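Biologist: Could you pick one spot in this model and give me a really close look at it? Start from a single side chain, then work outward as far as the picture holds together.

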Amino acid sequence: MTLIETLASVSPGSALAEAMGKRAEILRLSEAAHDAVLLPRDPGGLSHGLRAALAARMARHNRSPALANHYDTLVPRAGEAATALLAEPDTKVMDPRTAEIVRHADRLTLAPRDATRADVEALRQVGVTDADIVRLAELAAFVNYQVRVLAGLKLLGEMR
């Protein structure tokens, strides 16, 4: 089973499992995107632990506890204990670079239409590279995609 099927509690043999089987390629691509966004060979300036903690935070903002728990398990695997606190939405960050990254991740999750060039410039001002700004946007887009897919599957499962 894929992560999405597991988190959506899709029962093997169910009508929902059968329907999802017809979309196996989408599920496979979602798994590949997960690995590419969360565990890339070259994480650039966004470490694996930071990515996992931000993803958990985004999932919590979207009230997706199962997805948040999944990302919580990735944080310790990265061996970056300091990033674990970032997974909680009420965490205050002292380091200006990390604080701006967290602010931007929150903005992309909670109010993406409000993101402006000034926000991107604020990231640059604290040393976030353009490549890492793109990586952060990819992470936010992917996690928010997962949240929506899981919510849709939950509704479909309840309809049966």
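**Starting from one glutamate**

Modeller: Glu-121 comes out at 33% relative accessibility, so this residue counts as partly exposed. Keep in mind that the model is a predicted one. The partner to look at is Arg-124, which makes a salt bridge with Glu-121, with 3.5 Å between the closest N and O atoms. Both residues sit in helix H7, 3 residues apart, which is about one turn of the helix. Arg-124 has a relative accessibility of 39%, so Arg-124 counts as partly exposed too. The labels follow from the cut-offs: buried is under 20%, exposed is over 50%, and partly exposed is in between.

Stay on H7 for a moment and move to Asp-119. Its side chain meets that of Arg-107 in a salt bridge, 3.5 Å from N to O. This pair links distant parts of the chain, with Arg-107 in helix H6 and Asp-119 in helix H7 (residues 117-125), 12 residues apart. What about burial? Arg-107 has 18% relative accessibility, so Arg-107 counts as buried. Asp-119 is at 13%, so Asp-119 counts as buried as well. As for the background, side chains of opposite charge can pair when their charged atoms come close.

Across the whole structure, the search turns up 10 salt bridges. Another one worth opening in your viewer joins the side chains of Glu-88 and Arg-60, again with 3.5 Å from N to O. Glu-88 is in the loop between H5 and helix H6 (96-110), while Arg-60 is in helix H4 (residues 48-61), so this pair ties together parts that are 28 residues apart in sequence. Glu-88 is partly exposed, with a relative accessible area of 35%, and Arg-60 gets the partly exposed label at 22%. Add Asp-72 and you have a network of salt bridges linking Arg-60, Asp-72 and Glu-88.

Asp-72 falls inside helix H5 (residues 65-77), so let's follow that helix. H5 has 13 residues and reaches 19 Å from its first C-alpha to its last, close to the 18 Å you'd expect at 1.5 Å a residue. Its buried residues are Leu-67, Ala-68, His-70, Tyr-71, Leu-74 and Val-75. Those residues cover an arc of only 155 degrees around the axis, which puts them on the same side of H5. Pro-65, Pro-76 and Arg-77 are exposed, on the other side of H5. Just past the end of H5, Gly-79 takes a positive phi of about 70 degrees.

H5 also brings us to the empty space. Rolling a probe the size of a water molecule over the atoms shows where empty space is left. The largest pocket has a volume of about 380 Å³. Its lining runs to 22 residues, and Leu-7, Ala-8, Leu-150, Leu-153 and Lys-154 are the ones nearest its centre. Helix H2 (15-21), H5 and helix H8 (130-159) are the elements that each give two or more residues to that lining. H8 gives the most, with 7 residues. Sorted by class, the lining of the largest pocket has 12 nonpolar, 6 polar and 4 charged residues.

The second largest pocket has a volume of about 160 Å³. It is lined by 13 residues, with Met-20, Arg-23, Leu-27, Val-149 and Leu-153 nearest its centre. Here the elements giving two or more residues to the lining are H2, H3 and H8. H8 gives the most to this lining, with 4 residues. The class split for the second largest pocket is 10 nonpolar, 1 polar and 2 charged. Leu-153 lies among the residues nearest the centre of both pockets.

One last stop is H3, which takes part in that second lining. The 15 residues of helix H3 (residues 24-38) should span 21 Å at 1.5 Å a residue, and the end C-alpha atoms are 21 Å apart, which agrees. The buried residues of H3 are Leu-27, Ser-30, His-34, Val-37 and Leu-38. They cover an arc of only 95 degrees around the axis, which puts them on the same side of H3. Leu-27, then, is a buried residue of H3 that also lies among those nearest the centre of the second largest pocket.

Conventions
Residues numbered from 1 in each chain as written. Predicted model: local features only at pLDDT ≥ 70, side-chain atom pairs only at ≥ 80, totals over all residues. Heavy atoms only, no water. Expected span 1.5 Å × (residues − 1). Buried < 20%, exposed > 50% of the residue type's maximum accessible area, 1.4 Å probe, protein only. Arc of directions from axis to C-beta. Salt bridge = Lys/Arg side-chain N within 4 Å of Asp/Glu carboxyl O. 1 Å grid on protein atoms, 1.4 Å probe; cavity = no way out; pocket = protein on both sides within 12 Å on 5 of 7 lines; lining within 4 Å. Points joined across faces, edges and corners; volume = space filled by probe spheres on them. Nonpolar A, V, L, I, M, F, W, Y, C, P; charged D, E, K, R; others polar.
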